[in-house]
Amino acid sequence: MTTVAAPKRTGRNRLESFALYALLQGVPLYSSVVLMMKLVAAPEIVGERYGATIFVVLAATFHGLVTPWLAPKFPRFFRHNSAPMFGDAMLSFTEKVSRWLAEPKTAVELLSNLLLISVLVVGVASIR
């Protein structure tokens with residue numbers, strides 16, 4: 001006997017989608033931007049106390065709010081950072097993450113983020 005999973009409430013699904021976009025895509029992207037700013041000595045954001053943290057939190061939050069809304073409207077523009085499974089109400093939170101990790105482009109994205117952040121950390125650490 002097969003059962004069909006009932007879709008989640010819209011609010012919960014939107015919250016999960018927001019969290020996944022913000023944490024899995026926004027935080028690595030904007031933390032590498034902060035490291036790049038630190039490397040080129042741009043004190044506007046990274047020079048203030050907690051400025052880098054505030055920037056990453058605000059930018060990742062904005063990324064998490066805007067991407068699920070704009071990605072379906074402009075699929076060509078968001079083709080590299082859109083994950084349609086994040087908005088699927090039929091999937092559980094863990095199934096969304098599992099399906100995202102199973103995609104081939106995700107491995108390349110995670111590896112490139114890891115390498116970029118590693119190189120930037122070495123560069124920033126060698127400044128002083």
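**View 1. Burial across the chain in this predicted model.** In this predicted model, 31% of the chain's 128 residues count as buried. The chain exposes about 8800 Å², and carbon and sulfur atoms supply 70% of that area.

**View 2. An all-helix chain, α-α-α-α-α from the N terminus on.** You'll find 5 helices here and 0 strands. The C-alpha trace spans about 65 × 25 × 25 Å along its principal axes. Take the contacts between residues at least 6 apart in sequence: 69% of them join residues at least 24 apart.

**View 3. E16 and R12 in helix α1.** These two form a salt bridge, with the closest N and O atoms 3.4 Å apart. Both sit in helix α1 (residues 10–39), and because they are 4 residues apart there, about one helical turn separates them. The partners differ in burial: E16 has 8% relative accessibility and counts as buried, while R12, at 54%, counts as exposed.

**View 4. E16 again, this time with K96.** Here the closest N and O atoms of the salt bridge are 3.0 Å apart. E16 belongs to helix α1 and K96 to helix α4 (residues 93–102), so this pair ties together parts that lie 80 residues apart in sequence. Both E16 and K96 are buried.

**View 5. The three residues together.** Salt bridges link R12, E16 and K96 in a network. A search of the whole structure turns up 2 salt bridges. As for charges in the chain, there are 13 positive and 7 negative ones, and their mean positions are 3 Å apart.

Definitions and conventions:
Residues numbered from 1 in each chain as written. Predicted model: local features only at pLDDT ≥ 70, side-chain atom pairs only at ≥ 80, totals over all residues. Heavy atoms only, no water. Helix = DSSP H or I, 4+ residues; strand = E, 2+ residues; numbered from the N terminus. Buried < 20%, exposed > 50% of the residue type's maximum accessible area, 1.4 Å probe, protein only. Contact = heavy atoms within 4.5 Å. Areas by Shrake-Rupley, 256 points an atom, 1.4 Å probe, with all protein chains shown as cover. Lys, Arg positive; Asp, Glu negative; His and termini not counted. Charge placed at Lys NZ, Arg CZ, Asp CG, Glu CD. Salt bridge = Lys/Arg side-chain N within 4 Å of Asp/Glu carboxyl O.
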